[in-house]
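Dear colleague,

I am handing over the structure below, and I would be glad if you could look through it alongside the notes that follow.

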Amino acid sequence: MSTAVLRPDFLWGFATASYQIEGAPHQDGRGPSIWDTFCRIPGKIADGSSGDVACDSYNKTADDIALLLQTGAKAYRFSLSWSRVIPLGGREDPVNEKGLGFYVKFVDDLLAAGITPLVTLFHWDLPDNLDKRYGGLLNKKEFVADYTNYARVVFKAMGPKVKHWITFNEPWCSSILGYSTGLFAPGHTSDRSKSKVGDSSREPWIVGHNLLLAHGSAVKVYREEFKSKDGGEIGITLNGDYVYPWDAEDPHDVEACERKLEFSIGWFADPVYFGHYPASMVSQLGDRLPTWTEEEKALVKGSNDFYGMNHYTANYIKHRTGTPEPEDYLGNLESLYENKKGEIIGPDTQSFWLKPNPLGFRKLMKWISDRYGKPKIYVTENGTSLKGENDLPMEKILEDDFRLKYYQDYTQAMADAVSKDGVDCRGYMAWSLLDNFEWAEGYETRFGVTYVDYTGGQKRYPKKSAKEIHKCFDALIKKA
């Protein structure tokens with residue numbers, strides 16, 4: 001029997017992202033994003049699909065809110081499509097009032113249903129025009145100024161209705177998958193068989209720096225112009241997997257674990273909390289890692305009101321010897337699913353990178369809490385796919401016991417982090433409310449607690465996990 005240890009005002013609910021669910025790419029004046037363009041390149045998306053229709057959530061907001069109410073959710077984290085709000089993206093470009101109005105009304109509808117909105121300003125779908133106009137995320141001066149303008153437009157339109165703002169979702173993915181491996185839009189990589197453009201040894205570090213500056217700039221605007229009257233809070237969401245040494249007896253593997261966390265989480269969180277990059281990154285990357293001016297440092301240090309934590313899985317870490325490759329972004333180490341003893345990190349899912357390990361969730365929450373001075377944490381994504389789920393008949397898909405167990409185990413691990421490790425956790429958003437467009441994996445991988453029939457008008461069918469997840473929180477949240 002679980003003990004109630006989470007705060008009475010603990011926010012729980014679900015998360016989604018604009019390009020993954022909305023569809024309606026041209027409706028009401030939306031402009032293209034880099035993902036619209038990337039999906040048109042043959043071979044980039046596993047099933048050759050795109051987010052053109054996805055869950056059609058742009059036209060089904062009432063259905064999505066009804067689903068949230070059915071689950072008992074208290075909160076909903078969603079992202080805005082920048083190119084819906086400002087189709088060409090720039091600070092001199094016109095605001096699309098229909099697109100902005102869509103989000104304002106959606107927030108009103110959520111609030112009317114008693115659901116707290118958590119709004120992500122950027123979940124990877126940069127206006128394509130900005131990429132073409134000046135190189136997008138690579139252009140420090142222009143990108144930071146245009147993002148800051150976009151953030152201000154949204155803050156002004158939403159006012160006090162939104163109390164929880166997230167500047168960027170997983171900048172690691174935008175930087176590494178977008179500019180090193182080329183698996184995500186805009187697809188830059190040094191591998192010329194995949195892209196004509198890109199420098200995997202330098203571009204990701206430039207992009208990461210620019211994202212941090214844009215985050216800091218938007219936070220400054222919010223704090224100086226909106227926070228006192230609107231009463232909200234703002235932070236950035238970072239992804240990170242937990243790490244165990246491949247050989248627990250080898251101090252080099254133990255050391256490599258810490259380095260892996262620094263290269264994935266510390267890359268962004270250290271500047272936000274300490275004003276500098278981790279020493280391990282500076283040591284390995286040298287002049288490829290941008291340096292901080294005093295002005296930039298002042299902008300970014302202290303720019304989190306909370307820590308947004310996205311987490312799914314864990315890995316075994318094996319150190320490497322010798323000089324790291326110029327393209328290395330892990331920290332001169334191997335990330336593995338099996339340790340020296342032959343133990344597997346967790347069961348297989350449909351996602352090659354995701355193997356459930358709930359203890360790792362608790363341990364990573366503690367690592368973040370200890371390293372960054374016990375920040376207020378919102379778990380902004382956590383969830384799983386199921387091996388072969390997409391190939392099952394619908395009645396079997398709806399019985400998603402594996403996913404339900406994942407949520408039971410992970411929410412208990414989170415509760416242990418709070419009650420036993422002193423972590424200050426204020427909320428948990430399950431990924432995801434809906435099966436949706438899973439980026440480079442297309443529609444073959446399902447993460448939703450709700451089955452979406454992509455060939456039957458995007459009709460929604462709640463799975464067992466949608467109906468049962470509330471029990472986790474009923475048991476873990478203290479009564480007011």
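Which residue follows α7, and what is the sign of its phi? Bearing in mind that this is a predicted model, the residue after α7 is Gly159, and its phi is positive, near 55 degrees.

The helix itself, α7, covers residues 140-158, and its 19 residues should span 27 Å at 1.5 Å a residue, which agrees with the 27 Å that separates its end C-alpha atoms. Among the buried residues of α7 are Phe143, Val144, Tyr147, Tyr150, Ala151, Val154, Phe155 and Met158, and the buried set also includes Asp146, Thr148 and Asn149.

Phe143 deserves a separate word, since together with Trp35 it has the most contacts inside the largest nonpolar core, which has 148 residues. Once its neighbours within four places in sequence are left aside, Phe143 is in contact with Trp82, Leu126, Tyr134, Gly136, Leu137, Phe168, Asn210, Leu211 and Ala214. As a general point, nonpolar side chains in soluble globular proteins tend to be buried together.

Turning to the cysteines, the structure holds 0 disulfides. Cys173 is in no disulfide, and the nearest cysteine sulfur, that of Cys39, is 16 Å away; Cys173 is also buried, with a relative accessible area of 7%. For Cys425, the closest cysteine sulfur is in Cys472, and because the two sulfurs are 14 Å apart, they are too far from each other for a bond. Cys425 is likewise buried, its relative accessible area being 3%.

With best regards

Definitions and conventions. Residues are numbered from 1 along each chain as its sequence is written. This is a predicted model: local features need pLDDT of at least 70, side-chain atom pairs count only at pLDDT 80 or more; totals for chains, interfaces and linings use all residues. Side-chain values use heavy atoms; hydrogens and water are left out. A nonpolar core is a set of buried Ala, Val, Leu, Ile, Met, Phe, Trp, Tyr and Cys residues joined through side-chain atoms within 4.5 Å. Buried means under 20% relative accessible area, exposed over 50%, partly exposed in between (1.4 Å probe, protein chains only). Contact means heavy atoms within 4.5 Å. A disulfide is a pair of cysteine sulfur atoms within 2.5 Å. Helices (H or I, at least four residues) and strands (E, at least two) are DSSP runs, numbered from the N terminus. The expected span of a helix is 1.5 Å times one less than its number of residues.
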